[in-house]
There are 2 protein chains.
Amino acid sequence: MYTEIHMPKGFKCAGIAAGIKPAGVKDMALILSETPASAAGVFTTNQVCAAPVKVCRAHLEHGVARAIVMNSGVANACTGAEGMVAAKDMAAETAKAIGCEPQEIFVCSTGKIGPQLPLDKIISGVGTLLDSARGESVQDTAEAMMTTDTRPKVATAEFQIEGVAAKIVGFAKGAGMIEPNMATMLSYITTDAAVRRPALQSALKKAVDQSFNRISIDGDQSTNDTVLALANGAAGVEPLDENSTDWKAFESALESVCFELAMMIVHDGEGADKFVTVNVKNAATDADAELAARAVANSMLNKTAWAGTHPDWGRIMDSIGYSKAKVVEEKVDIFYDAVQAVAGGCRSGVAHEDLIKVVSQTDFAINIDLRQGDGAATVYTCNCTEAYVRINY
Amino acid sequence: MYTEIHMPKGFKCAGIAAGIKPAGVKDMALILSETPASAAGVFTTNQVCAAPVKVCRAHLEHGVARAIVMNSGVANACTGAEGMVAAKDMAAETAKAIGCEPQEIFVCSTGKIGPQLPLDKIISGVGTLLDSARGESVQDTAEAMMTTDTRPKVATAEFQIEGVAAKIVGFAKGAGMIEPNMATMLSYITTDAAVRRPALQSALKKAVDQSFNRISIDGDQSTNDTVLALANGAAGVEPLDENSTDWKAFESALESVCFELAMMIVHDGEGADKFVTVNVKNAATDADAELAARAVANSMLNKTAWAGTHPDWGRIMDSIGYSKAKVVEEKVDIFYDAVQAVAGGCRSGVAHEDLIKVVSQTDFAINIDLRQGDGAATVYTCNCTEAYVRINY
């Protein structure tokens with residue numbers, strides 16, 4: 001429960017049931033800055049993208065945000081001109097209620113692709129959200145973002161800028177359709193530090209690449225992925241950029257919040273009950289290491305083997321072999337945690353039981369040494385159980 | 001049952017239990033030509049490949065084959081120098097027993113990656129295979145090739161060369177780890193037509209590209225994929241090549257056998273109970289069409305939706321969007337069989353029940369029109385059920 005967490009200074013939030021989902025389940029959230037905040041955003045690379053993503057991209061040109069308003073239950077993706085009108089109306093109605101420009105409102109939707117937004121419920125929801133927005137409503141807000149998530153996801157960090165206390169509070173949702181480039185995930189990062197917009201954008205991009213873009217659940221990318229960062233400066237210090245003395249303090253706080261949220265998403269992978277870290281080292285290049293790590297992390301045969309508590313290292317050899325990374329079979333070493341399974345491309349002398357012990361854990365690492373160069377990469381993933389299939393039926 | 005099928009003239013075959021698998025299950029097969037046959041082969045593109053694949057590639061340089069000897073249960077992959085010695089010994093012992101050069105023997109293994117071949121069982125199995133080889137042992141041979149297959153796979157075609165009757169008998173195995181480039185599948189094509197080696201090789205490559213390379217079960221590629229074609233000329237006609245009058249008759253017989261075997265593999269997909277044809281047309285190029293079709297066919301979210309009898313066309317839009325094919329959302333039309341689900345990137349007016357009727361069938365097509373050009377491609381796939389996960393635990 002995140003009931004003890006307060007928003008950064010000058011931010012309020014809310015999460016309510018607007019009637020989009022059945023049975024009174026929370027389905028709309030608001031994050032509101034009392035003053036205009038610098039805004040940064042990173043979005044899905046899918047060629048098919050949701051109307052709210054298109055609206056966010058356009059509004060980001062403006063670079064200033066007052067609020068993020070979102071709904072769960074309906075994705076407003078593949079909804080054509082009508083969907084674009086609905087996303088714009090969602091922003092315009094929120095702007096009118098707050099008293100700001102529509103470009104200062106960022107809108108997000110997540111849920112089923114295809115249906116149109118129930119705009120009447122959304123508009124009446126916006127009013128309720130504004131009425132109930134508080135600095136303490138972190139738990140409600142995170143709950144309203146959930147779809148197949150089993151738990152809300154919030155992470156925080158505190159840091160000092162010129163001796164003044166500042167903080168970050170970040171939210172995320174996402175439990176399936178997760179692959180490179182942040183499929184079906186939303187994350188909102190708020191801070192009361194003041195950050196210049198280009199610096200905020202580049203810091204966010206960097207943090208996302210090392211966190212949300214390093215996780216893989218099922219290899220599917222989504223139409224709605226959005227990470228937004230709002231920095232409102234309410235902590236009362238001079239605007240930061242890369243040349244500021246305390247830039248590193250902000251940057252590492254941002255990275256730690258994004259990383260923590262990304263790890264929460266993998267831990268909450270649809271139907272998953274094991275968290276697996278895939279480390280590849282000594283690849284020809286970092287890019288090669290990432291290709292090999294992603295091939296291992298995305299393989300259904302690896303994910304099902306982990307679910308069955310089978311240390312089936314042959315499937316790992318197979319995956320790196322068909323990845324586009326340079327692999328010389330005879331040079332490959334593979335460790336399950338610290339237990340060596342493969343030496344020079346062949347079975348090591350280790351007892352099978354010792355490997356079973358490792359994959360019986362709920363959290364373990366596959367460590368792969370390609371002995372080709374000094375490239376390295378890590379990808380975080382989970383197992384695939386029968387429950388994954390049931391959830392996605 | 002394939003008990004009525006006879007091998008082409010001059011071929012014998014056998015399938016026996018050599019004790020590699022437990023409980024007397026058949027685990028070794030032989031295909032024997034009474035005279036030297038032209039040989040062609042297509043192999044896995046995985047950088048990690050099994051010892052028998054390396055041996056086959058080397059022997060194919062010689063271009064003449066007397067026999068294929070194979071075992072199931074152990075893949076002889078990731079077995080290092082010891083595995084190479086075993087694969088070569090398997091060929092040498094067979095050659096000695098037949099009385100031919102080792103290069104005229106092709107060896108294959110399929111099953112678990114990692115363990116070494118039980119060479120004593122293999123060698124004694126070769127003797128039993130030769131003793132029991134008959135023109136009528138097609139069923140036994142196909143059974144001995146099986147791993148997670150639920151049924152043996154054989155296809156035949158008859159054709160005329162210069163008025164003389166000739167035939168093809170083809171065998172295949174493979175039920176999981178199937179993706180582009182023929183993962184964990186083996187296929188042996190035998191014909192009593194005489195075919196010049198370069199023509200046989202190019203015809204086989206072309207047939208494989210349109211059959212085994214168009215199927216997808218789980219997106220994993222294997223270390224052991226092998227398709228071999230043997231043409232022994234026992235039908236008694238002049239050797240064929242692309243310039244022969246009856247070349248087309250041979251070529252289409254070969255293509256029909258490969259296609260039929262490939263369809264059997266998808267129908268026998270691990271845990272699958274629905275066969276899905278993904279057609280993409282009017283893509284910018286044929287290559288683009290293939291990228292889009294493969295993205296749809298490989299998506300776990302599509303495969304689980306089909307298993308759940310959900311016409312979730314939003315996931316199809318999502319898949320083509322993240323494929324590398326050029327997609328303009330507003331131009332996409334999607335049909336389930338002949339029922340239009342998506343018109344111009346949005347939901348069509350069709351009743352949801354009509355789409356459910358289509359995905360309730362055990363065999364249906366997803367027809368995608370990208371309206372970008374005149375490229376087209378088809379990929380054959382299956383659904384993903386909880387049974388897939390259980391099989392691969």
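Visitor: Why does B:Thr309 count as partly exposed?

Guide: A residue is buried if 20 or more other C-beta atoms, placed from the backbone, lie within 10 Å of its own, exposed if 12 or fewer do, and partly exposed in between; B:Thr309 has 16 C-beta neighbours inside 10 Å and therefore counts as partly exposed. This is a predicted model, in which local features need pLDDT of at least 70 and side-chain atom pairs count only at pLDDT 80 or more, while totals for chains, interfaces and linings use all residues. Residues are numbered from 1 along each chain as its sequence is written, and chains are lettered from A and ligands numbered from 1 in the order in which they are written.

Visitor: What makes A:Cys78 buried?

Guide: A:Cys78 has 29 other C-beta atoms within 10 Å, so the residue is buried. A:Cys78 is found in the loop between strand E3 (64-74) and helix H2 (80-98) of chain A, where helices (H or I, at least four residues) and strands (E, at least two) are DSSP runs, numbered from the N terminus.

Visitor: Which sign does the phi of A:Cys78 have?

Guide: A:Cys78 has a positive phi of about 60 degrees, although this residue is not a glycine.

Visitor: How do you know that chains A and B have the relation of a two-fold axis?

Guide: After least-squares superposition on the C-alpha atoms of residues with pLDDT of at least 70 in both copies, chain A can be laid on chain B with an RMSD of 0.0 Å by a turn of 180 degrees and a shift of 0.0 Å along the axis. That is the relation of a two-fold axis.
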